[in-house]
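Thank you all for making the time; I would like to walk you through one structure this morning, starting from its parts and then going to a few single residues. Please have a look at the sequence and the model first.

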Amino acid sequence: MARQVRAALLALSAASGLALLGCGPKPAAPAAESVAQKAQEIGSLGVSQAVVRPGAAGANTAAYLLLVNHAANTDRLLSASSPIAGRVEIHEHIKTDTGLVAMRRVDAPLALQGQGQLAFEPSGLHLMAFDLNRPLVSGETVPITLNFEQAGPVEVLFEVGIPRRPAADTHTEHEQQEHQEHQEHHER
Ligand SMILES: [Cu+2]
C-alpha cells in the first residue's frame with residue numbers, strides 16, 4: 001500500500017514536471033475583462049467604466065465612472081473618500097468668461113435622479129483624489145467609497161488606466177489643462 005502511494009506521488013511529480021516544462025508564465029488577463037469595463041451592481045446603484053488615472057505618490061489624480069440609479073427616488077452624492085488618497089473631492093469643469101476651461105469643486109450634494117444616470121468623464125464632472133499615499137500603476141484596482149444620502153457608503157472598484165474619451169470630446173488640450181490645474185491646485 002505504502003509503495004503504491006509512493007508510486008502515485010512519483011507519477012504526480014513527473015506529471016507536474018512535464019507541466020512545468022510545457023508552459024511558461026501565464027499571460028496577463030486581457031484588458032476586456034478589466035473591472036472598469038464590468039458593471040458593478042451595488043444595491044440600487046449601477047456602476048460602470050470606473051477608471052482612475054495613474055499617478056505618483058504625493059500627486060493628485062482624477063477618477064471617472066458612470067453611475068446609474070435603479071431606484072425610483074432621487075439619491076444624492078454627499079462625499080467621497082479612499083484609502084489611497086489624502087482626500088477625494090467632487091469636481092466639475094466650467095468655461096470662464098474668457099473662454100478658458102477651469103475646474104472647480106462641487107460643494108453641494110450632487111443629485112442622481114431616480115432611474116437616472118450621472119457621467120463622470122474627462123472635461124466634465126470628475127472625482128479628484130489629492131495627495132496619493134502610494135503610486136497608482138496601470139492595471140491595478142483601487143477602491144473609492146462614494147457616500148450617498150439614500151444608498152449610504154458604496155465602495156466602487158476603479159481600474160488604474162486611461163479613460164476612454166467621450167465620443168463628443170476630440171480636444172486634447174482639455175486634458176492637458178486639467179492635469180496642469182490639478183498640479184497647481186496641489187502646489188497652492
Ligand atoms: Cu479636478
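Before anything else, one term: two strands are said to pair if DSSP finds at least two bridges between them. With that in mind, strands E10 and E11 pair in the antiparallel sense over eight bridges, and the hairpin that joins E10 to E11 does so through three residues. Within this pair, Val142 stands opposite Phe158 of E11.

I should say at once that what you see is a predicted model. The mean pLDDT of the protein is 79, and 68% of its residues reach 70 or more. Over residues 7-24 the pLDDT is below 50, and this stretch has zero contacts in the model beyond near neighbours in sequence. Over residues 168-174 the pLDDT is again below 50, although here the model shows six contacts beyond near neighbours in sequence. Please keep both stretches in mind while you look at the picture.

Now the overall layout. The protein contains two helices and eleven strands, and if we read from the N terminus on, the order of the elements is α-β-β-β-β-β-β-β-β-β-β-β-α. Of its 188 residues, 26% count as buried. Among contacts with a separation of 6 or more, 70% are between residues 24 or more positions apart.

Let me continue with the strand pairs, taking E5 next, which spans residues 85-95. E5 runs antiparallel to strand E9, residues 126-132, and six bridges join the two; here Arg87 has Phe130 of E9 as its bridge partner. E5 also pairs with strand E6, residues 101-105, in the antiparallel sense over five bridges, and in this case the bridge partner of Lys95 is Val101 in E6. The hairpin of E5 and E6 has five residues between the strands, and Gly99 in that hairpin takes a positive phi near 90 degrees.

Which sense do we find when we turn to E2 and E11? These two strands pair in the parallel sense, over two bridges, and Val52 has Val160 of E11 as its bridge partner.

Val52 brings us to the interior, since Val52 is listed, together with Ala63, Leu65, Leu127, Ala129, Val156 and Phe158, among the residues with the most contacts inside the largest nonpolar core, which has 30 residues. At least two residues of this core come from each of E2, E3 (61-69), E4 (75-81), E5, E9, E10 (141-148) and E11 (152-160). Taking Ala129 as an example, and not counting residues up to four places away in sequence, we find that Ala129 touches Val52, Asn60, Thr61, Ala63, Ser82, Ile84, Ala85 and Val88.

Is Leu132, which is found in strand E9, buried or exposed? The cut-off for a buried residue is 20 or more other C-beta atoms within 10 Å, and Leu132 is buried because 21 other C-beta atoms lie within that distance. Leaving aside neighbours within four places in sequence, Leu132 is in contact with Gly55, Ala57, Gly58, Ala59, Thr61, Ile84 and Ala85. One of these, Ala59, is 73 residues away from Leu132 in sequence, while the two are 5.6 Å apart in space, C-alpha to C-alpha.

Two further residues deserve a remark on their backbone. Most residues other than glycine have a negative phi. Asp131, which lies in strand E9, has a positive phi of about 60 degrees although it is not a glycine, and Asp131 counts as partly exposed, with 13 C-beta neighbours inside 10 Å. Gln49, whose place is in strand E2, residues 45-52, has a positive phi of about 55 degrees, and Gln49 is not a glycine either. With 19 C-beta neighbours inside 10 Å, Gln49 also counts as partly exposed.

My last residue is in a loop, namely Ala71, between E3 and E4. What does Ala71 touch, if we do not count residues up to four places away in sequence? Ala71 touches Ser44, Gly114 and Gln150. Of these, Gln150 is 79 residues from Ala71 in sequence and 9.9 Å from it in space, C-alpha to C-alpha. Ala71 counts as partly exposed, with 16 C-beta neighbours inside 10 Å.

That is where I would like to stop; I am happy to go back to any of these places in the model.

How values were computed
Residues numbered from 1 in each chain as written. Predicted model: local features only at pLDDT ≥ 70, side-chain atom pairs only at ≥ 80, totals over all residues. Helix = DSSP H or I, 4+ residues; strand = E, 2+ residues; numbered from the N terminus. Buried ≥ 20, exposed ≤ 12 C-beta atoms within 10 Å, placed from the backbone. Contact = placed C-beta atoms within 7 Å. pLDDT = per-residue confidence, 0-100. Core = buried A, V, L, I, M, F, W, Y, C linked by C-beta atoms within 7 Å.
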